[in-house]
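User: I am in my first year and would like a close look at one part of this structure, the short strand that ends up between two partners, followed by the contacts that tie other parts of the chain together. Please take me through it slowly and explain each term when it first appears.

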Amino acid sequence: MTYENARFWHPMMHPGAMKERKPLRIVRGEGCYVFDDAGKQYVDGVGGLWNVNVGHNRSEVKKAIVDQLDQLEYFQLFDGVSNPPAEQLSAKLIAALAPEDMKRVVFSSNGSDATETALKLARQYWKVLGQKDRTKFISLKEGYHGSHFLSASVNGNTVFRRNYEPLMPGCSQVQNPWVYRNPFTQDPEQLVDICISLLEREIEFQGPDTVAAFIAEPVQGAGGVIVPPASFWPRVREVCDKYGVLLIADEVVTGFGRTGSLFGARAWGVKPDFMCFAKGLSSGYVPLGATVFNSRVADAFESNQDFSGVVMHGYTYAGHPVGCAAAIASLDIVEKEDLPGNAGRQGAYLLEALKPFVDRFEAVGEVRGKGLMLAIDLVNDKKTRESISPMSGYAYSVAEVARRHGAIVRPVGTKIILSPPLVMQRPEIDSIVSALEAGFSEVPFVR
């Protein structure tokens, strides 16, 4: 079977683009490397898609999958049915999240499911408490929370919204604390003051008695790996507490070690009400998502005595036995090999290796990141910080050259994003840096 026989569309690109572009066909993976159909080896600089945290072809995860298939390939969790892997994984998650006072898990298949679940249950929580007007959501500009209609409605980047509007009403976005690119100030603490003030004003404008939840990523991923100043998340928690608003941490990318901490919110010393997981939960070996919530939310539902507390929400593959078995094995590796610690160390090394690109290459405005999630911001003018045109193809051309030099990186319009496996070591990082250096050196930059 060749690509010419394929009949699918590629996400996040124009369907007509593949008429002029040769695909990269990945057929095998091993550790931090993947191989194409011609046998060429590449360092995986994107970790699949932010998610192959434990690396490719881990025997421990494959064995867990096969062992589970030999026992039970699938059964549902609806109507009081259960299976041992789902029970074991839920207990493992709640134990790991004891510092955040998490109490219950709702399983799903992916990150969009996980955020959709949190948003729906947040609305239902307020109905259970008799505050039925609390239906609105506030999020951050540049945020990304998924592709379902409700999760897409809280996305803070128009590229993920425009082609599907009108989206759900009752969703608004406020300024994110993006120090490099904002209209207010370059001082981090002043920017936090402004962003917190705008969040509080938005809650007051909407009416606190109408706002269900605030949702954000601990570090914004698809929006450009935007790392907030350290004081931002604690102050968000304070504002949410002041107005009774639920706080949802979208940990789909940051969960299980990518930022250098086991959980992104924990890195900021914050306890959310909801946390959304996918990607690193099972390291991509089997699709799986999970939404966890704290005692405040769980107790409201479990003490309810009427239909408003019935969870009329769920997915066919929620708690899939094979996915849960893969997740248990993957999280065992994360813990045993201290992948959050490795992500912190190797991420700092990668960030320092890439920072000189700002002075060396005309199109590089900033290099930023936390742990093993980094972005290279591409600009037309370093002084004004005007972004390159996303339609210029420059980022893709740089990534193409990097690929020829043995590393896969992800071009995203005006940025190049890196999110390698958390098992990555310095030799592989050096290869990524060398491949990117070749990309920026060989591709002419034309404004």
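Analyst: What follows begins with one strand and its partners and then moves on to the cores, the salt bridges and a few unusual backbone spots.

This is a predicted model, in which local features need pLDDT of at least 70 and side-chain atom pairs count only at pLDDT 80 or more, while totals for chains, interfaces and linings use all residues. Residues are numbered from 1 along each chain as its sequence is written, and side-chain values use heavy atoms, with hydrogens and water left out.

The part to look at is strand 16, residues 415-418; helices (H or I, at least four residues) and strands (E, at least two) are DSSP runs, numbered from the N terminus. In a regular strand the side chains alternate between the two faces of the sheet. In strand 16, Lys415 and Ile417 point one way and Ile416 and Leu418 the other way, and all are buried, where buried means under 20% relative accessible area, exposed over 50%, and partly exposed in between (1.4 Å probe, protein chains only).

Two strands pair if DSSP finds at least two bridges between them. Strand 12, residues 373-381, pairs with strand 16 in the antiparallel sense over 4 bridges, and here Leu374 has Leu418 as its bridge partner. Strand 15, residues 410-412, also runs antiparallel to strand 16 and is joined to it by 3 bridges, with Pro411 standing opposite Ile416. Strand 15 and strand 16 form a hairpin with 2 residues between them, and in the turn Gly413 has a positive phi of about 65°.

Now for the nonpolar cores, each a set of buried Ala, Val, Leu, Ile, Met, Phe, Trp, Tyr and Cys residues joined through side-chain atoms within 4.5 Å. The largest has 52 residues, of which Leu89, Leu93, Phe107 and Phe214 touch the most other members. Not counting residues up to four places away in sequence, Leu89 touches Phe107, Leu288, Cys324, Ala327, Ile328 and Leu331, contact meaning heavy atoms within 4.5 Å. Apart from this core lies another, of 49 residues, among them Val43, Val61, Ala402 and Ile432.

A salt bridge is a side-chain nitrogen of Lys or Arg within 4 Å of a carboxyl oxygen of Asp or Glu, and by this rule the count comes to 22. One of them joins Arg25 and Asp37 at 2.9 Å, N to O; since Arg25 lies in the segment before strand 1 (26-30) and Asp37 in the loop between strand 2 (33-36) and strand 3 (41-44), the pair ties together parts that are 12 residues apart in sequence. Arg25 is partly exposed at 28% relative accessibility, and Asp37 is partly exposed at 46%.

Asp273 and Arg237 meet in another salt bridge (3.1 Å, N to O). Asp273 is in the loop between helix 8 (264-267) and strand 9 (274-277), and Arg237 is in helix 7 (residues 232-243), so this pair ties together parts 36 residues apart in sequence. Asp273 is buried, with a relative accessible area of 3%, and Arg237 is buried, with 11%. Arg181, Glu366, Arg368 and Asp377 are linked in a network of salt bridges.

Finally, the backbone: most residues other than glycine have a negative phi, and most peptide bonds are trans. Glu165 and Pro166 are joined by a cis peptide bond, with omega about 5°, and Glu142, although not a glycine, has a positive phi of about 75°.
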